[in-house]
Amino acid sequence: MCHGFFQSLTNLSISLRDPSILNLEAIFGFILNIPNENDLWKSIATLFTASKRHWITLKAVNSLFYNLDSKLKEPALIGTAHHLVTYLRRSLTAENNVEVFVIVSKDVAQDGSWMRQQQSSTSETENQNTSS
């Protein structure tokens with residue numbers, strides 16, 4: 001069960017450009033805070049609100065990931081885990097100014113299992129084992 005834990009990737013010391021470090025099996029979903037497009041009518045409408053940003057949700061259903069953006073007529077298929085990582089990598093460029101919140105259970109948040117072990121640690125261990 002999801003306990004509403006939100007972890008912003010922008011507040012971590014990990015590379016924002018490498019979402020492949022995420023352990024997708026331990027993650028309930030994602031919330032992305034994205035800028036609104038530059039549309040005249042949307043710009044006028046946002047004059048009266050505090051934000052010119054929009055929230056979207058990404059979630060897996062039967063091992064396929066979907067964009068559940070409320071502005072879409074229906075959920076948009078992103079695809080497999082590989083497609084999701086590519087989608088996040090494209091979204092997390094500095095030019096896009098996107099924040100990603102990772103939704104996990106309290107236990108997963110506490111033990112940090114929503115992130116894979118970093119590749120460099122594994123490589124260092126393998127190197128140590130081969131040099132012994």
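**Strand β4 and its neighbours**

User: Which residues of strand β4 (residues 64-67) point to one face and are buried?

Analyst: This is a predicted model, where local features need pLDDT of at least 70, side-chain atom pairs count only at pLDDT 80 or more, and totals for chains, interfaces and linings use all residues. Residues are numbered from 1 along each chain as its sequence is written, and side-chain values use heavy atoms, with hydrogens and water left out. Strands here are DSSP runs of E, at least two residues long, numbered from the N terminus, and buried means under 20% relative accessible area (1.4 Å probe, protein chains only). Side chains alternate along β4: L64 and Y66 point to one face and are not buried, while the other face has the buried pair, F65 and N67.

User: Why would they alternate like that?

Analyst: Here's the general rule. In a regular strand, side chains take turns between the two faces of the sheet.

User: Okay, which residue of β4 stands opposite V61?

Analyst: Strands pair if DSSP finds at least two bridges between them. β3 (residues 53-61) and β4 run antiparallel and are joined by 4 bridges. They form a hairpin with 2 residues between them, and N62 in that turn has a positive phi of about 55 degrees. Opposite V61 in β4 you'll find L64.

User: And what is the bridge partner of F65 in β5?

Analyst: β4 also pairs with strand β5 (residues 76-79), in the antiparallel sense, over 3 bridges. Within β5, the partner of F65 is G79.

User: How much of the chain counts as buried?

Analyst: The chain has 132 residues. The share of them that counts as buried is 30%.

Key: Buried < 20%, exposed > 50% of the residue type's maximum accessible area, 1.4 Å probe, protein only.
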